[in-house]
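This report covers a ligand site and the metal ions beside the protein side chains. Please have the sequence and the model open while reading.

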Amino acid sequence: MTASAVQDGRVLRLNYSKLRLLILEEGSHILDFCRAINIPVTGHETTYDESIAKDISAGVYNCIIVDGADDNDICMNILASVAGKPPFLPVIVIDGSLGFLRRGASECILRSDLTAERLETALFNADRLCKLNNRTTILEMELSAFIEEDPLTALPGRSKFRMRMAKAIEKAHAAKIPASLIILDINSFRELNEIRGHEFGDEILKRVAKRLINIAPDNSIIGRLGDDEFALLALDQETADPVGGYASRLLLEIRRPYLIDGQKTDISLSVGLGILDDHDTADSLLYKALAALYSAKRDKTSIVLYTHEDDHARRRQLRLAQDLPEAIKHNQLLLNYQPIVRIHDQQVIGVEALVRWQHTKHGLLFPDTFIPLAEGSGSIEALTEWVLAAAVRQGADWLEHGSRLSVSVNISALILHNPAFPDMVERQLDKTGFPAELLKLEITESAIISDVNRAREIVFKLHDIGVRLSIDDFGTGYTSLAYLRKLPVDEIKIDKSFVLNMPRVADDEVIVRTLLDLARNLGLSVVAEGVEDAQTWRMLEALGCDVAQGYFMSRPIDLKTFNDWLTVQSWKQELN
Ligand code: C2E
Ligand code: CA
Ligand code: CA
C-alpha cells in the first residue's frame with residue numbers, strides 16, 4: 001500500500017505497509033478519520049501508561065499521532081520520552097500547543113484542518129524527518145567515537161571528559177565530596193602556532209598535557225576541551241578548595257618555561273574556576289568555569305573564580321533595580337526603532353519600539369538586563385507608560401510628516417493583568433491623537449495563559465479601543481491553538497529562534513512553514529522576526545510570509561539614524 005503527495009513540485013511516496021501508527025486520544029475522532037482515508041492504524045489508546053511507554057521504547061511504533069487538546073501533560077510525557085533518543089520517532093500533534101514543536105513534535109495540525117491531504121503531507125514530512133534524524137544521530141555517534149580520545153595528547157576529548165565528569169559529579173553529590181573544575185587556556189595560542197609553526201604548537205600542547213597528567217591528584221579527571229583548552233575536575237578536600245590555592249599552584253607549574261629543541265619557551269595561561277554547588281550538573285559546572293575563564297581573558301587576570309563574578313553580578317542587579325524609578329523620571333530611557341517591512345513590495349509599514357537605558361555609570365543598557373528587574377521591583381508600570389507615551393508621540397510625529405507607520409510596543413505579562421492598563425493606553429492615544437489602529441501591542445503567549453480570564457477581559461477591552469494585538473515570540477509558548485482562535489488577535493510574530501537558522505536547518509524551515517500554515521488558517525497576518533540575510537528573506541517570500549523584521553533590513557536604531565535609514569534604504573540593493 002502506498003500513498004503519494006506532491007510537495008515543492010516533487011512527488012513523494014510513502015509506503016503505508018511499513019507504517020506502525022499509534023493514535024493516542026480520548027475519543028476516536030482521529031482513529032475514525034484515519035480509517036476513513038485508509039491509513040492503517042497499529043494501536044489506538046485512550047490513556048498513556050507504562051505499558052504503552054514500554055511498547056514505544058521497544059520500537060512497536062514508528063509514528064505517533066496524539067490529541068494535544070486532551071491533556072498537555074500526556075503530550076509532554078510522550079515528547080520527553082521519545083525526543084532526542086534514536087531511533088527518531090515522529091509525533092504529530094492534533095490541536096495542541098505550538099510549543100510542542102520545540103519539544104520535538106514533528107508537526108502540529110488544527111483539528112479543523114485535518115484533511116486527508118494534510119495528514120498525508122504530515123506523514124511524509126514525518127517519514128522524511130525520521131530518516132534525516134536517524135542519519136544525523138548515526139553521524140553524531142560516529143563523530144563522538146572519533147573524538148573520544150584526543151590522539152595528540154592522549155587525553156579524553158570534550159565529550160568523553162563531560163561524560164566522565166557527569167558520573168563523578170553524581171558520586172560527589174551522593175557522598176558529599178567537594179569538587180571544583182579548573183579550565184586552563186593558553187593565551188595567544190593561535191599566534192604562537194602561526195609564528196612558530198604547527199609542529200611547535202603541537203609539541204607545546206603535548207608538553208602541557210604531560211605536566212597536567214603528572215601533577216593532577218590521583219582521583220581527579222582531566223581532559224582536553226578544545227584546541228588549547230584543558231580541564232581538571234578536582235575531587236578532594238584539599239585540591240577542590242579554591243582558598244587552598246591549588247589552582248594557582250597548578251598554574252605556576254604549567255607555566256614553567258618549556259625547553260623545546262634547546263630553546264626556552266614561556267607561555268601564559270588563563271584559568272577559570274568553578275566550585276560544585278548542591279544543584280550543579282556537569283553542564284552547569286562547565287558553564288561556570290567557562291564563564292570565569294572568559295572573565296579572566298577579558299580582564300587579563302590569570303585566575304577567576306566563578307562565584308566572585310556571580311556575586312558581583314547579583315549586587316549590580318540589585319543596584320540597577322533601585323536606580324530604575326529615578327531613571328524613568330529623569331528620562332534616562334530612550335527608544336530605538338527597528339523597521340517592519342512588508343515582503344511582497346518591500347514597503348516599510350511600521351516599527352517596533354525597543355527600550356534602552358542610558359545609565360549614568362554603566363552606559364547603554366539593553367532591555368534583557370533591566371526589564372526583568374522592572375518586573376520584579378514594581379517599576380514595570382511606570383516603564384511601560386513611559387514607553388507607550390514616547391512611542392505614540394513619535395508615531396504621531398511621523399504621521400504628521402507624511403509617514404504612516406504602525407508602532408509596536410512590547411507589553412510585559414504583568415501589565416496585561418492590570419485592569420487599569422486599557423485606560424492607560426486610551427489616555428496616551430487621546431493625548432496625541434495617534435490613531436488606535438496604528439498602535440500594536442506585542443504580548444507573549446505565556447502572558448495570556450498565565451491568568452487566562454483576567455488577561456482575556458483586558459485583551460477584549462484593548463480590542464474595543466481599536467489597538468492591534470500581536471502575539472510575540474510565537475511558537476515558544478504553550479497556548480493551545482483552539483484557544484488563540486477565541487482571542488481578538490490580529491497578528492503573530494514567529495519567534496526569531498526559528499527564523500535565524502532557516503537557511504541552514506531543515507527542521508526550522510519545516511517549523512516556519514507549519515507556523516505560516518496555521519496562522520493563515522486562523523486568518524492572522526504573520527511577521528517573521530530575526531531575518532538576518534537575503535537568503536532568509538527569499539525563503540520567507542517563497543513561503544508566502546507577509547512581513548519581515550530583522551538585522552538584514554536594519555538593527556534597532558535611534559530616531560535620527562532611523563529617519564536617515566528610511567530615506568536611503570540601501571538594504572534593498574542586495575535583493576535586486
Ligand atoms: P523582542 O520583543 O523579541 O524584540 C526583538 C529583539 O530581537 C530585539 O532585541 C532586537 O534587537 C532583536 N532582533 C531583531 N532582529 C534581529 C535579528 O535579525 N537577529 C537577531 N539575532 N536579533 C534580532 P532587544 O532590543 O535587545 O530586546 C529584547 C527584548 O526586550 C524584546 O524582545 C522584548 O521582549 C523586550 N523589550 C524591549 N523593549 C521593551 C519594552 O518597552 N517593554 C517591555 N516590557 N519589554 C521590552
Ligand atoms: Ca517584540
Ligand atoms: Ca520577539
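The text below describes the surroundings of ligand 1 and then the two calcium sites.

The model is predicted, so local features need pLDDT of at least 70 and side-chain atom pairs count only at pLDDT 80 or more, while totals for chains, interfaces and linings use all residues. Residues are numbered from 1 along each chain as its sequence is written, chains are lettered from A and ligands numbered from 1 in the order in which they are written, and side-chain values use heavy atoms, with hydrogens and water left out.

**Ligand 1**

Ligand 1 occupies the largest pocket. A pocket here is an open set of points on a 1 Å grid over the protein atoms alone, where a 1.4 Å probe fits, with protein on both sides within 12 Å along at least five of seven lines; a molecule sits in it if more than half of its atoms lie within 2 Å of its grid points.

There are 22 residues around ligand 1, and Gln 338, Arg 356, Asp 472, Glu 532 and Tyr 551 come nearest (near: a heavy atom within 4 Å). By class, the shell holds nine nonpolar, five polar and eight charged residues, with Gly counted as polar and Tyr as nonpolar. At least two shell residues come from each of β16 (348-359), α13 (367-377), β20 (468-474) and α20 (496-500); β16 gives the largest share, four residues. Helices (at least four residues) and strands (at least two) are DSSP runs numbered from the N terminus.

The table lists polar side-chain contacts, meaning pairs of N or O atoms within 3.5 Å.

| Residue | Atom of ligand 1 | Distance |
|---|---|---|
| Gln 338 | nitrogen | 3.0 Å |
| Glu 352 | oxygen | 3.2 Å |
| Asn 410 | oxygen | 3.0 Å |

Alone, ligand 1 exposes 800 Å², of which the protein buries 87% (Shrake-Rupley method, 1.4 Å probe).

**Calcium ions**

Donors are N, O and S atoms within 2.8 Å of the metal (3.2 Å for Na, K and Ca); water is not among the atoms, so sites may look incomplete.

For the calcium ion (ligand 2), the protein donors are Glu 352 (OE), Asn 410 (OD1), Glu 442 (OE) and Asp 472 (OD), at 2.1 to 2.3 Å. Because Glu 352 lies in strand β16 and Glu 442 in strand β19 (residues 439-444), this pair ties together parts 90 residues apart in sequence.

The calcium ion (ligand 3) is held at 2.2 to 2.7 Å by Asp 472 (OD), Asp 473 (OD) and two OE entries of Glu 529. Asp 472 in strand β20 and Glu 529 in strand β22 (residues 525-529) are 57 residues apart. Asp 472 bridges both ions, which lie 4.0 Å apart.

Methods:
A polar contact is a pair of N or O atoms within 3.5 Å; within protein, one must be able to donate a hydrogen and the other to accept it, and residues adjacent in sequence count only if both atoms are side-chain atoms. On a 1 Å grid over the protein atoms alone, a cavity is a set of points where a 1.4 Å probe fits but cannot get out, and a pocket is an open set with protein on both sides within 12 Å along at least five of seven lines; lining residues have an atom within 4 Å of a point.
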